[in-house]
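Let's take a friendly walk through this structure, beginning with its charged pairs and moving on to its helices, a sheet and the overall chain.

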Amino acid sequence: MAITVSHLTKRFGTFAALSDVSIDIPAGSLTALLGPSGGGKSTLLRIIAGLEPPDAGTVQIGGTDSTTLPPQRRNVGFVFQHYAAFKHMTVAGNVAFGLEIRRQPKAAVKRRVDELLELVHMEQFADRYPAQLSGGQRQRMALARALAVEPEVLLLDEPFGALDAQVRKELRAWLRRLHDEVHVTTVFVTHDQEEAMEVADEIVVINNGRVEQVGTPDELYDKPANAFVMGFLGPVTRLDGVLVRPHDLELFDRPEPSSVAATVQRVVRLGFEVRVDLERDGKGELWVQITRGEAEKLAVTPGIELFVRPVAGAVTAGDG
């Protein structure tokens with residue numbers, strides 16, 4: 001079910017959380033709202049869910065004007081960062097809750113709960129309580145609970161933000177597989193660029209209450225609309241006041257056309273890759289990402305002079 005947000009504005013006192021935001025979220029897509037803390041992404045999600053009223057603008061869900069509809073009439077599932085589990089209920093009880101308050105037949109409820117726990121690989125934990133689960137398991141339970149009532153839209157607010165890095169990585173791959181199975185229109189908020197790039201079909205970059213750019217991960221990475229988008233989606237460095245990806249710079253041990261001289265300050269080996277920090281005489285610092293083979297060929301060590309230039313076709317953006 002598609003979501004259309006038109007000219008949304010939301011203020012909290014004198015603070016503009018959203019300023020004339022318009023986006024279209026395709027039916028069945030997995031869309032990330034990406035941006036820095038305080039940029040407006042969670043406010044946008046809460047307005048779509050009906051948990052926060054806008055000051056201006058409209059929200060359409062499946063072609064229906066939902067701007068003033070209460071959350072329970074939007075057929076939206078919502079998952080918060082901190083799970084909001086019912087601690088006195090088992091995993092199965094938590095998942096069944098939404099169905100039971102809708103007075104579904106007991107047999108139908110059990111069947112649906114069993115299906116969902118199998119879907120999220122939690123069937124063996126049906127009789128445990130939330131306190132007996134790991135963080136990743138609690139989050140999978142929360143997703144199963146949100147899916148139980150068969151929402152047409154699933155909204156996730158920093159769903160993995162409270163988890164450690166390795167569990168986050170495992171769960172985001174799992175979320176992508178889950179989405180491909182259930183095909184519910186899904187919108188998730190994150191400030192983690194890698195998470196958005198890995199999981200989403202489309203990314204909406206939000207900053208200071210405004211949409212900076214909307215596109216696929218490849219479009220945003222390869223064709224950023226401005227310096228903010230380029231700097232937020234992937235590493236950047238500066239060469240003559242222009243942002244460039246550090247892997248789009250090449251190093252030489254002698255002058256080459258369009259290259260500039262720089263002195264190696266530090267060399268950091270990160271597995272297969274090597275980070276080379278350089279300083280140009282009076283013109284600032286920059287860093288280059290090369291392979292270990294390239295570093296060995298150039299005999300890169302602190303103190304030597306090298307020559308640097310962007311590769312042909314390098315993505316760049318004006319700094320500012």
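## Salt bridges

Searching the whole structure of this predicted model turns up 11 salt bridges. In one of them, the side chains of Lys10 and Glu52 come together with an N to O distance of 3.9 Å. This pair ties distant parts of the chain to each other: Lys10 belongs to strand E1 (residues 3–12), while Glu52 sits in the loop between H1 and strand E4 (56–61), 42 residues apart. Both Lys10 and Glu52 are buried. Glu52 also has a salt bridge with Arg46, where the closest N and O atoms are 3.7 Å apart. Arg46 has 28% relative accessibility, so this residue counts as partly exposed. A network of salt bridges links Lys10, Arg46, Glu52 and Asp55.

Another salt bridge joins Arg280 to Asp240, with 2.4 Å between the closest N and O atoms. Here too, distant parts of the chain are linked: Arg280 lies in strand E15 (residues 273–280), and Asp240 lies in the loop between strand E11 (237–239) and strand E12 (242–244), 40 residues apart. How do the two ends sit with respect to the surface, buried or exposed? Arg280 is buried, at a relative accessible area of 6%, whereas Asp240 counts as exposed, at 56% relative accessibility.

## Helix H1

Helix H1 covers residues 41–49, and seven of its nine residues are buried, so the rest of the structure largely encloses this helix. The buried set consists of Lys41, Thr43, Leu44, Leu45, Ile47, Ile48 and Ala49. Right after H1 comes Gly50, which has a positive phi near 90°.

## Helix H5

Helix H5 runs through residues 165–182, 18 residues in total. From first C-alpha to last, H5 reaches 26 Å, close to the 26 Å expected at 1.5 Å a residue. Which residues of H5 are buried? They are Arg168, Leu171, Arg172, Trp174, Leu175, Arg176, Leu178 and His179. As general background, an α-helix has 3.6 residues a turn, so residues three or four places apart point the same way.

Several elements help cover the buried residues of H5. Among them are the strands E3 (30–34), E7 (153–157) and E8 (185–190), together with the helices H3 (106–119), H4 (135–148) and H6 (193–199). Just past the end of H5, His183 adopts a positive phi of about 60°.

## A five-stranded sheet

Five strands make up an open sheet, ordered E13-E17-E14-E15-E16, with antiparallel pairing. Strand E13 (249–252) and strand E16 (284–291) are at the edges, and each has a single partner strand, so one side of each lacks a neighbour in the sheet. From one strand to the next, the twist averages 45°.

At the E13 edge, the partner is strand E17 (residues 305–310), which runs antiparallel to E13 and is joined to E13 by four bridges. One pairing to look for is Leu249, whose bridge partner in E17 is Pro310.

## The chain as a whole

Stepping back, the protein chain contains nine helices and 18 strands. Its C-alpha trace spans about 80 × 45 × 30 Å along the principal axes. The chain has 320 residues, of which 48% count as buried.

Among contacts in the protein chain with a separation of 6 or more, 64% come from residues 24 or more positions apart. The chain exposes about 15,600 Å², and carbon and sulfur atoms supply 49% of that area.

Technical notes
Residues are numbered from 1 along each chain as its sequence is written. This is a predicted model: local features need pLDDT of at least 70, side-chain atom pairs count only at pLDDT 80 or more; totals for chains, interfaces and linings use all residues. Side-chain values use heavy atoms; hydrogens and water are left out. Two strands pair if DSSP finds at least two bridges between them. Helices (H or I, at least four residues) and strands (E, at least two) are DSSP runs, numbered from the N terminus. Axes are lines fitted to C-alpha atoms, for helices over the stretch in contact, and angles run from 0 to 180 degrees between N-to-C directions. The expected span of a helix is 1.5 Å times one less than its number of residues. Buried means under 20% relative accessible area, exposed over 50%, partly exposed in between (1.4 Å probe, protein chains only). Contact means heavy atoms within 4.5 Å. Accessible areas come from the Shrake-Rupley method with a 1.4 Å probe; for residues, only the protein chains shown count as cover. A salt bridge is a side-chain nitrogen of Lys or Arg within 4 Å of a carboxyl oxygen of Asp or Glu.
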